[in-house]
4 protein chains.
Amino acid sequence: MMHLAIMRRMSSIDTPFELHSTSTAAGTKYARKKVAAIAAAAQVFAEKGFHGATTQDIATVMGIKQGSLYYYFKSKEQALQDVCEYGFENYVQQMEKICGKAQPFEAKMQMIITSHLTTYRQKNNAMKVHNDQRLYLPKERRQHLKELGTRYRQMLENTLQEGVQQRTIRADIDTHFVAYSIIGMCNSWGAYLVRDESLDLFDTIQQCADLVLRGVLN
Amino acid sequence: MMHLAIMRRMSSIDTPFELHSTSTAAGTKYARKKVAAIAAAAQVFAEKGFHGATTQDIATVMGIKQGSLYYYFKSKEQALQDVCEYGFENYVQQMEKICGKAQPFEAKMQMIITSHLTTYRQKNNAMKVHNDQRLYLPKERRQHLKELGTRYRQMLENTLQEGVQQRTIRADIDTHFVAYSIIGMCNSWGAYLVRDESLDLFDTIQQCADLVLRGVLN
Amino acid sequence: MMHLAIMRRMSSIDTPFELHSTSTAAGTKYARKKVAAIAAAAQVFAEKGFHGATTQDIATVMGIKQGSLYYYFKSKEQALQDVCEYGFENYVQQMEKICGKAQPFEAKMQMIITSHLTTYRQKNNAMKVHNDQRLYLPKERRQHLKELGTRYRQMLENTLQEGVQQRTIRADIDTHFVAYSIIGMCNSWGAYLVRDESLDLFDTIQQCADLVLRGVLN
Amino acid sequence: MMHLAIMRRMSSIDTPFELHSTSTAAGTKYARKKVAAIAAAAQVFAEKGFHGATTQDIATVMGIKQGSLYYYFKSKEQALQDVCEYGFENYVQQMEKICGKAQPFEAKMQMIITSHLTTYRQKNNAMKVHNDQRLYLPKERRQHLKELGTRYRQMLENTLQEGVQQRTIRADIDTHFVAYSIIGMCNSWGAYLVRDESLDLFDTIQQCADLVLRGVLN
DNA sequence: AATGAATGAGAGTTCATTCAT
DNA sequence: AATGAATGAACTCTCATTCAT
């Protein structure tokens with residue numbers, strides 16, 4: 001469930017029309033249902049894609065009528081934006097925690113991959129939606145996501161750079177390229193993890209880490 | 001351009017009325033335009049996704065009117081199926097050639113990656129569509145694609161298995177897992193290659209191959 | 001401001017629950033807010049038209065929430081009816097005073113036009129709404145308005161008739177027709193006065209009176 | 001019927017999507033039906049107002065399905081714009097013809113009023129729509145209409161100016177003001193003519209002209 | 001006295017699809 | 001071989017209205 005992670009950020013949630021009376025919006029009924037709305041939208045977008053999904057689908061998952069959805073989202077596009085932002089913000093936060101701690105390179109890489117894949121397995125559809133559907137947002141609405149993405153990639157590249165300095169990883173490595181590769185591979189495994197529940201999470205993490213670190217050669 | 005590859009398979013193309021079958025279908029005006037139709041659909045689906053694309057979009061790219069499209073595709077769904085099949089068939093054929101030749105493991109791996117990424121860079125939108133949009137086809141219509149996919153993965157796994165037997169690659173490698181990983185990483189780079197024209201193809205190929213073979217560790 | 005005039009009639013205002021009727025309704029908080037509600041509705045209907053206006057618009061002008069509006073109006077249609085009736089009742093009352101006094105024809109005509117145009121310039125949106133939007137009310141709800149209108153036109157016609165008898169105006173005049181013409185011209189100038197604040201009120205009144213009385217010929 | 005007048009201008013009609021093959025679009029089936037579409041929209045907008053009318057209403061009058069309407073109008077707003085423009089363009093053209101001919105002032109004024117009121121009586125709903133509903137168009141879409149309106153008013157003012165120079169009308173007349181007054185009064189009578197079929201057209205014209213020229217005074 | 005939350009009906013618009021020509 | 005014209009179903013979004021609190 002994405003709920004815990006998202007609720008951590010709920011203090012910043014937007015309220016409908018005007019500000020609510022309570023200063024911390026986190027506890028409001030509205031905030032609680034908005035979380036549910038984002039979760040529902042994430043699930044539906046992940047399954048059917050942005051254009052393939054209907055607002056009716058989302059409303060059905062929430063157990064409300066279709067028109068009522070607009071109490072929580074100003075538009076379908078806004079729903080996509082919210083899903084992407086909450087999903088990705090949460091993920092980048094986790095990344096910051098991991099990269100903030102002083103740890104040997106291999107441990108960090110392991111944690112990064114663990115975080116990435118675990119996020120998917122926890123049915124964090126928001127993450128999948130961010131990866132696959134964010135390009136359907138008009139550029140203006142992707143501003144924030146782009147910044148988050150850059151921050152995330154930079155943390156990953158920095159980690160690799162540290163590895164180079166620690167002489168743990170090869171000096172001839174192009175950290176920029178490797179960062180992209182890791183993200184790509186993990187996203188691809190993430191999609192499998194979402195689709196196939198029988199796939200073992202920890203096994204997958206081990207194998208990913210092993211492949212990245214040692215390659216296939218003898 | 002995908003044209004050459006696709007035209008090779010044109011002999012099996014479906015003709016709209018039985019009448020047409022008198023001549024070799026491959027050379028027919030119909031067959032030639034059907035190729036163009038598939039290419040147009042591929043381009044549009046790649047850009048906007050299946051559900052985000054309209055038949056009008058495809059017709060516009062072809063320079064014909066919307067209604068005329070139905071001379072080439074029985075339905076929008078059929079267009080997606082055609083794009084996926086022609087795109088992927090073509091790719092698997094190439095794979096067969098590569099794997100058919102007796103070659104050392106590393107050379108083969110290099111060629112596989114080269115083939116995969118080159119396909120993308122040549123703006124083979126059909127390939128992108130197959131990877132990103134095929135799941136929007138109903139299961140029945142994915143039968144053929146699934147077979148092709150299995151064949152393809154098996155060739156990749158066999159190649160890896162050969163590598164193990166040649167002692168070129170580690171014995172503890174899970175070939176199934178590595179095959180998926182390579183595909184995932186390459187697809188992700190493929191998407192970048194399509195989006196960013198300034199990205200150097202051969203550089204990308206080298207780096208991918210290097211990462212897969214040697215990993216990042218020192 | 002229409003307030004004074006409207007408040008004079010407030011004694012007849014409908015109260016939402018019978019309970020309220022203990023005190024004189026005119027001074028009730030409810031009555032005061034109902035006036036504000038009518039004024040808000042008048043403003044919004046004048047600007048956007050009945051169908052183009054939303055209950056949200058009216059609520060916003062009042063500074064209350066959309067749902068709360070139904071404490072003052074049973075329906076949007078009722079709001080239109082209230083606006084039209086209060087606006088027009090007020091105007092017809094003024095007309096009654098003017099026509100009641102014994103005065104020479106030209107002075108009366110001057111006062112009638114002054115009354116009409118001043119009403120508009122005072123941003124009496126209710127009047128504009130009555131003129132432009134009343135036809136969107138179902139016939140049954142226009143009963144009262146129709147009676148008022150007839151009364152008003154009759155007073156105008158009577159005034160003209162007096163003018164004929166006093167030999168102040170031509171005997172071959174069709175008073176019925178002229179009455180309609182004056183109303184039409186004044187309404188049209190009223191709309192300009194509302195739209196263009198820089199238009200001088202007294203100048204307009206003079207010109208209108210002059211045109212009606214003397215025509216353009218030399 | 002507005003058909004004749006509108007068809008005169010049909011050579012400039014816009015075609016759907018792309019240019020038609022024939023150079024004169026006037027004869028096309030599309031052009032013919034677009035005329036019908038504009039007439040239908042004019043009728044419905046005149047009756048119910050822009051916001052009160054539905055695209056379904058218009059389609060019903062045309063005898064087509066609601067969705068098919070969009071073959072002729074890109075949007076409901078475009079329909080309003082088309083109605084206003086065709087209606088008013090036509091009217092201004094007529095005005096140009098009247099004012100172009102050298103004629104004594106009184107005759108011209110008579111013709112102007114005749115033209116104005118006849119336009120209404122011919123059920124030229126487009127004219128009514130232009131007068132009552134054009135303000136619901138966003139400013140950008142009113143550009144053309146504004147220019148037409150200015151041209152029209154100028155012709156009327158010029159005519160009055162000529163009258164002054166010919167000493168036919170009083171020198172102390174404010175031509176600007178009188179022009180507006182005539183338009184206002186005629187529009188108001190136009191609305192009556194549309195609503196009440198029993199009203200005699202020529203009688204109304206006579207009375208209007210008489211009132212404007214000679215006023216009511218003895 | 002007012003509001004948050006929801007609803008249901010309908011609006012405008014889009015679009016895949018059909019078919020006579 | 002292609003098109004103009006139309007359709008019908010679905011979709012997003014709006015809005016008047018209700019009602020428990």
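What rotation superposes chain C on chain D? A rotation of 180° does, with 0.1 Å of shift along its axis and an RMSD of 0.1 Å.

This is a predicted model, in which local features need pLDDT of at least 70, side-chain atom pairs count only at pLDDT 80 or more, and totals for chains, interfaces and linings use all residues. Residues are numbered from 1 along each chain as its sequence is written, chains are lettered from A and ligands numbered from 1 in the order in which they are written, and side-chain values use heavy atoms, with hydrogens and water left out.

**View 1. The axis relating chains C and D.** The 180° rotation with its 0.1 Å shift is the relation of a two-fold axis. Copies are superposed by least squares on the C-alpha atoms of residues with pLDDT of at least 70 in both. C:Gly215 comes closest to the axis of the residues of chain C, its C-alpha lying at 1.8 Å. Both copies use the same surface: 100% of the contact residues of chain C recur in chain D. Contact means heavy atoms within 4.5 Å.

**View 2. Helix α9 of chain C, residues 201-214.** Helices are DSSP runs (H or I, at least four residues), numbered from the N terminus. α9(C) has 14 residues and reaches 20 Å from first C-alpha to last, close to the 20 Å expected at 1.5 Å a residue. That expected span is 1.5 Å times one less than the number of residues. At the N-terminal end, C:Asp200 is the cap: a side-chain oxygen lies 3.3 Å from the backbone nitrogen of C:Phe202. Just after the helix, C:Gly215 takes a positive phi of about 70°.

**View 3. The buried residues of α9(C) and their cover.** Buried means under 20% relative accessible area (1.4 Å probe, protein chains only). Among the buried residues are C:Leu201, C:Ile205, C:Cys208 and C:Val212. Their cover includes α5 (105-121) and α8 (175-195) of chain C. Chain D adds its own α8 (175-195) and α9 (201-214).

**View 4. Protein around DNA strand F.** Near means that a heavy atom of the residue lies within 4 Å. Of the 33 residues around the strand, A:Gln66, A:Tyr70, B:Ser68, B:Tyr72 and D:Tyr72 come nearest. Of the strand atoms within 4 Å of the protein, 73% belong to sugar or phosphate and the rest to bases.

**View 5. Polar contacts to DNA strand F.** Here the cut-off is a pair of N or O atoms within 3.5 Å. Side-chain polar atoms of B:Lys33 and B:Ser68 lie 2.9 Å and 2.5 Å from phosphate oxygens. C:Gln66 places a polar side-chain atom 3.2 Å from a base nitrogen.

Notes. Helices (H or I, at least four residues) and strands (E, at least two) are DSSP runs, numbered from the N terminus. Buried means under 20% relative accessible area, exposed over 50%, partly exposed in between (1.4 Å probe, protein chains only). A polar contact is a pair of N or O atoms within 3.5 Å; within protein, one must be able to donate a hydrogen and the other to accept it, and residues adjacent in sequence count only if both atoms are side-chain atoms.
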